[in-house]
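Here's a protein to get to know, one piece at a time. Have a scroll through the sequence and spin the 3D view before reading on.

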Amino acid sequence: MNIGLILVITLFTLNLIFKDQELSEIISDLRSADPLWITIGAAAAVLFVSGESSIIHYMLRVLDQKTSFLRCLKYSFIGFFFSYITPSSTGGQPMQMYHMKKDKIKIGYSTLIMLLITIAYKSILVLLALGFLIFNYDTVALYAGDMKWLIVLGFTLNLSFIILLLLVFLKPIWARALGIKTVDLLTKLHIMKRRNKEKYTEKLIRICDTYAMGADYIKKNLWVVFNVFVMTALQRICLFSITWIIYKAYGMSGTSYIDILTIQIMIAVAVEMLPLPGAAGITEGCFLLAFTDIFTLERVKPALLISRGLNFYLILFIGAIVSFAAHILNLKRDRITPDLQ
């Protein structure tokens with residue numbers, strides 16, 4: 001259903017964007033991009049996913065779990081696939097943990113890894129955005145001024161999410177008490193069914209206890225956390241650089257790499273936490289709003305198509321194939337295992 005929703009929103013958005021253009025003209029604009037640079041852009045998208053794989057592989061080795069990099073790459077593509085098709089990217093990590101469990105990785109380890117990756121992923125985005133906003137404010141005001149309230153909303157949502165994670169992480173007892181009160185309130189308001197109250201309370205306590213163990217580990221291994229943050233920063237920059245790569249694919253100049261990177265980071269802050277699968281529709285709108293002056297009116301629409309094709313649909317397509325293949329292999333393994341026993 002979510003994939004269908006993404007496709008409907010995307011088709012509706014593209015119809016609005018290209019309603020005055022002939023298909024042959026759109027194809028001609030796409031073909032005028034340098035294939036070599038587009039290939040580099042595709043490589044950057046795959047490197048982005050591989051960046052998370054490297055973090056998972058590194059963390060598993062730190063935890064004395066022997067797992068191949070290819071298997072970690074499988075977890076990453078599965079994670080991004082389910083993140084891209086669920087609102088606010090909420091579906092990816094549960095599926096990654098599920099497949100790790102299938103591969104005999106303890107749920108405590110996978111929870112710790114996913115928690116650390118989530119904190120680093122969101123924190124690096126906010127830190128990059130704040131840094132570029134402060135030191136490159138003129139560029140943000142010039143190109144992204146029309147979406148300033150969306151950027152403010154994005155900062156608010158991202159910071160709130162990080163604070164909530166840190167509360168659960170650093171003060172699990174407080175988070176547990178707050179969570180239990182929230183469950184009680186939802187039950188009294190009849191938003192949550194009374195028969196489900198005990199189940200959700202137990203689940204909440206279990207999550208908080210797991211995060212408490214994770215917090216204890218991180219406090220004792222700050223160097224590991226620092227390495228994860230550095231790797232996440234490089235991973236993020238790979239994705240944000242795709243827009244500049246497309247800019248070079250059209251042989252354009254005049255706007256620096258830093259300026260294009262700045263604007264792309266602002267768009268990411270603005271749209272990533274919005275409750276839309278893949279932030280479909282709003283991402284395209286922000287791209288056109290921010291990059292029209294940079295790419296020019298003639299090139300901005302094909303640049304948008306290539307950008308979304310590389311940083312979203314390419315990853316979604318590969319992730320779908322990997323997820324389907326992993327599901328089939330798990331089914332076969334589940335059938336064989338009982339026979340062996």
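What follows is a quick tour, from the whole protein down to single residues.

Keep in mind that this is a predicted model. The protein has 14 helices and 0 strands, so you'll be looking at helices a lot, given that helices and strands are read off as DSSP runs. Buried residues make up 48% of the 341 residues.

**The big picture**

- Reading along the sequence, you get the pattern α-α-α-α-α-α-α-α-α-α-α-α-α-α.
- Take the contacts in the protein with a separation of 6 or more: 78% of them are between residues 24 or more positions apart.
- How much area does the protein expose? The figure is about 17,900 Å², and carbon and sulfur atoms supply 67% of it.

**How helices pack**

Two packed helices are described by the angle between their axes and the distance between the axes. Here are three pairs to find in the viewer.

*H3 and H4*

- Helix H3 covers residues 35-62 and helix H4 covers residues 69-84; their axes come within 8 Å and cross at roughly 125°.
- H3 and H4 are therefore oblique to each other, because an angle counts as oblique when it is outside the parallel, perpendicular and antiparallel ranges.
- The crossing of H3 and H4 is right-handed.
- On the H3 side, the residues making the contact include Phe-48, Val-49, Ile-56 and Leu-60. On the H4 side, Phe-69, Leu-73, Phe-77 and Tyr-84 are among them.

*H5 and H6*

- The axes of H5 and H6 come within 9 Å and cross at roughly 150°.
- That makes H5 roughly antiparallel to H6, since angles over 145 degrees count that way.
- H5 and H6 cross in a right-handed way.
- From H5, the residues Gln-93, Gln-96, Met-97 and Met-100 take part. They meet Ile-107, Ser-110, Thr-111, Met-114, Ile-117 and Thr-118 in H6.

*H6 and H13*

- H6 also pairs up with helix H13 (residues 257-271): the axes come within 9 Å and cross at roughly 130°.
- That makes H6 oblique to H13.
- H6 passes H13 in a left-handed crossing.
- In H6, look for Leu-125, Leu-128, Ala-129, Phe-132 and Leu-133. Their partners in H13 include Ile-258, Leu-261, Ile-265 and Val-269.

**Two residues in H6**

- Thr-118 sits in helix H6, which runs over residues 107-135.
- Is Thr-118 buried or exposed? Thr-118 counts as buried, because its relative accessibility is 13% and the cut-off for buried is under 20%.
- Leaving aside neighbours within four places in sequence, Thr-118 is in contact with Gln-93, Phe-161 and Leu-165.
- With Gln-93 there's something extra: a polar contact of 2.5 Å joins the two side chains, Thr-118 to Gln-93.
- Thr-118 and Thr-232 are 114 residues apart along the chain, and their C-alpha atoms are separated by 10.0 Å.
- Ser-123 is in helix H6 too, and Ser-123 is buried, with a relative accessible area of 10%.
- Not counting neighbours within four places in sequence, Ser-123 is in contact with Ile-162 and Phe-229.

**A long jump in sequence from H5**

- Lys-102 lies in helix H5, which spans residues 92-102.
- How far apart are Lys-102 and Asp-334 in sequence and in space? They're 232 residues apart in sequence and 9.5 Å apart in space, going from C-alpha to C-alpha.
- Lys-102 touches Asn-330, Arg-333 and Asp-334, if you skip residues up to four places away in sequence.

**Two residues with positive phi**

- Asp-64 isn't a glycine, yet it has a positive phi of about 60°.
- Where is Asp-64 found? Look in the loop between H3 and H4.
- Asp-64 is exposed, with a relative accessible area of 67%, because exposed means over 50%.
- Thr-296 is also a residue other than glycine with a positive phi, near 80°.
- The place of Thr-296 is in helix H14, residues 282-340.
- At 34% relative accessibility, Thr-296 counts as partly exposed.

Definitions and conventions:
Residues are numbered from 1 along each chain as its sequence is written. This is a predicted model: local features need pLDDT of at least 70, side-chain atom pairs count only at pLDDT 80 or more; totals for chains, interfaces and linings use all residues. Side-chain values use heavy atoms; hydrogens and water are left out. Helices (H or I, at least four residues) and strands (E, at least two) are DSSP runs, numbered from the N terminus. Buried means under 20% relative accessible area, exposed over 50%, partly exposed in between (1.4 Å probe, protein chains only). Contact means heavy atoms within 4.5 Å. Accessible areas come from the Shrake-Rupley method with a 1.4 Å probe; for residues, only the protein chains shown count as cover. A polar contact is a pair of N or O atoms within 3.5 Å; within protein, one must be able to donate a hydrogen and the other to accept it, and residues adjacent in sequence count only if both atoms are side-chain atoms. Axes are lines fitted to C-alpha atoms, for helices over the stretch in contact, and angles run from 0 to 180 degrees between N-to-C directions. Angles under 35 degrees count as roughly parallel, over 145 as roughly antiparallel, 65 to 115 as roughly perpendicular and the rest as oblique. A crossing is left-handed if the near helix is turned anticlockwise from the far one by less than a right angle, and right-handed if clockwise.
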